[in-house]
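I opened a notebook on this structure to keep track of what I looked up and in which order. The entries begin with the terms I needed before I could read the strands.

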Number of protein chains: 2
Amino acid sequence: MSTVFVELSISLDGFIAGADDGLDNPLGDGGGRLFEWFTAGPESNRINRYFCPPDTSKQIVEGWYRDCGAMISGRRTFDIARGWRDGHPIDVPIFVLTHNPPAEGEWSPRVSFVTEGVERAVKLAKEAADGRDVSVSAAGVTRGLLRAGLLDEIRLSVVPCLLGSGVRLLDGIGPVDLEQVSVIPSDGVTHVRYRVARP
Amino acid sequence: MSTVFVELSISLDGFIAGADDGLDNPLGDGGGRLFEWFTAGPESNRINRYFCPPDTSKQIVEGWYRDCGAMISGRRTFDIARGWRDGHPIDVPIFVLTHNPPAEGEWSPRVSFVTEGVERAVKLAKEAADGRDVSVSAAGVTRGLLRAGLLDEIRLSVVPCLLGSGVRLLDGIGPVDLEQVSVIPSDGVTHVRYRVARP
């Protein structure tokens with residue numbers, strides 16, 4: 001069955017981007033630290049131009065590529081990523097949840113806009129994923145899915161740093177009980193995976 | 001050499017107590033979830049009346065008892081714990097950092113009040129610890145120590161739940177780089193340990 005999960009790199013203090021993120025500062029102040037592990041491995045571990053991770057993380061990243069059949073993202077991430085016009089590292093349909101789709105501009109042909117809310121986005125993404133999983137990579141969408149009871153798993157790559165400020169992933173959502181599925185320490189990052197418990 | 005570390009149970013969303021914690025609600029709303037692992041082990045793992053943890057966690061808790069020579073805490077924790085008048089699980093000197101020591105009341109004879117700031121508290125606690133480590137178990141003190149560059153390690157027991165609100169441990173402190181020392185998954189909790197990098 002198709003699983004809907006959030007997959008993000010996060011600081012120990014809970015930020016997925018630094019402060020003042022935007023078009024001119026896509027990762028926010030200091031946010032580049034969250035992605036250092038992407039390319040911290042030996043050249044022999046290179047997966048593509050984005051990923052050359054340490055040994056243990058390589059298996060995690062290869063799992064993302066293998067399992068992901070569609071993505072749900074948010075308008076802010078779409079804007080900051082410039083609509084993935086040069087391609088997204090994972091070449092699958094991307095559903096961007098927004099009340100205001102852009103009237104014009106340039107973006108990846110894999111992008112569709114969904115204006116009817118999270119339930120509709122999940123339905124479309126699951127159909128497009130065709131049995132594979134649906135990956136979410138935006139903080140606002142994650143919170144919306146958690147509130148709607150539509151998120152199955154939380155998968156975080158916890159980076160050993162404190163950013164102090166920026167975009168928080170988890171705030172104001174709870175109490176929610178989780179089940180610890182796996183905790184895999186790698187070199188300079190730890191990959192954790194939790195299942196959202198249904199009441 | 002004596003290490004100064006914070007040691008706390010924390011939800012995945014970063015709270016060390018639930019909302020509205022106080023004398024009548026010492027762990028805050030839903031905060032009891034953070035301490036379930038303390039007593040989640042088989043009776044054969046019982047360490048004392050507070051701790052009966054799962055197998056892997058037992059070794060961690062026994063390490064706390066072995067390594068801890070003194071503690072630094074905050075006034076709010078002191079109040080909520082009612083001055084540890086019935087004893088603290090770890091029987092060592094406790095230095096309570098406060099601008100306003102209580103004029104009267106009842107508290108553990110192990111408690112001393114420090115009004116001269118975090119540096120003085122660390123100095124006194126290290127002297128009292130006599131080569132063993134200094135453990136910190138209060139959010140405000142932790143942030144004060146991080147700001148002053150006096151915290152050596154962050155040791156968290158990450159509990160698989162979201163509290164949504166409450167007392168946040170880490171907020172507004174950064175950027176600070178950390179070194180991942182150990183990540184130990186146990187049954188229903190994960191014990192992580194990070195060293196604070198010095199610039």
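**Terms and numbering.** I took two strands as paired if DSSP finds at least two bridges between them, and I took helices (H or I, at least four residues) and strands (E, at least two) as DSSP runs, numbered from the N terminus. This is a predicted model, in which local features need pLDDT of at least 70, side-chain atom pairs count only at pLDDT 80 or more, and totals for chains, interfaces and linings use all residues. Residues are numbered from 1 along each chain as its sequence is written, while chains are lettered from A and ligands numbered from 1 in the order in which they are written.

**First sheet.** I began with strand β3 (residues 68-74) of chain A, which runs parallel to strand β6 (residues 133-136) of chain A and is joined to it by four bridges. In β6(A), A:Asp133 is the bridge partner of A:Cys68. I then looked up what packs here, counting two residues as in contact if their C-beta atoms, placed from the backbone, lie within 7 Å, and taking axes as lines fitted to C-alpha atoms, for helices over the stretch in contact, with angles from 0 to 180 degrees between N-to-C directions. Helix α1 (residues 55-67) of chain A packs on the sheet and touches β1, β3, β6, β10 and β11 of chain A, its direction making about 90° with that of β3(A). Helix α4 (residues 139-147) of chain A also packs on the sheet, touching β1, β3, β4 (94-97), β6 and β10 of chain A, at about 105° to the direction of β3(A).

Following the strand order, I found an open sheet of nine strands with mixed pairing, β5(A)-β4(A)-β3(A)-β6(A)-β1(A)-β7(A)-β11(A)-β10(A)-β8(B). At its edges stand β5 (111-114) of chain A and β8 of chain B, each with a single partner strand, so one side of each is left without a neighbour in the sheet.

**Around β7(A).** For burial I used the count of other C-beta atoms, placed from the backbone, within 10 Å of a residue's own: buried at 20 or more, exposed at 12 or fewer, partly exposed in between. Strand β7 (residues 153-159) of chain A has six of its seven residues buried, so it is largely enclosed by the rest of the structure. Seven bridges pair β7(A) with strand β1 (residues 4-11) of chain A in the parallel sense, and A:Arg155 in β7(A) is the bridge partner of A:Glu7. Strand β11 (residues 190-196) of chain A is joined to β7(A) by six bridges and runs antiparallel to it, with A:Arg155 standing opposite A:Arg193.

**Across the chains.** Which strand of chain B does strand β10 (residues 176-185) of chain A join? Two bridges link β10(A) to β8(B), and the two run antiparallel; A:Val176 stands opposite B:Leu162 there. The contact takes 26 residues from chain B and 26 residues from chain A. On the side of chain B that touches chain A, β10(B) gives the most, with seven residues.

I superposed the copies by least squares on the C-alpha atoms of residues with pLDDT of at least 70 in both: a turn of 180° and a shift of 0.0 Å along the axis lay chain B on chain A with an RMSD of 0.0 Å. That is the relation of a two-fold axis.

**Backbone notes.** Most residues other than glycine have a negative phi, and most peptide bonds are trans. I therefore noted A:Asp20, a residue other than glycine whose phi is positive, near 60°, and found it in the loop between β2 (15-17) and α1 of chain A. With 12 C-beta neighbours inside 10 Å, A:Asp20 counts as exposed. A:Asp130 has a positive phi of about 50° although it is not a glycine, and its place is in the loop between α3 (118-129) and β6 of chain A. The peptide bond from A:Gly174 to A:Pro175 is cis, with omega near 0°, and A:Pro175 lies in the loop between β9 (167-168) and β10 of chain A.
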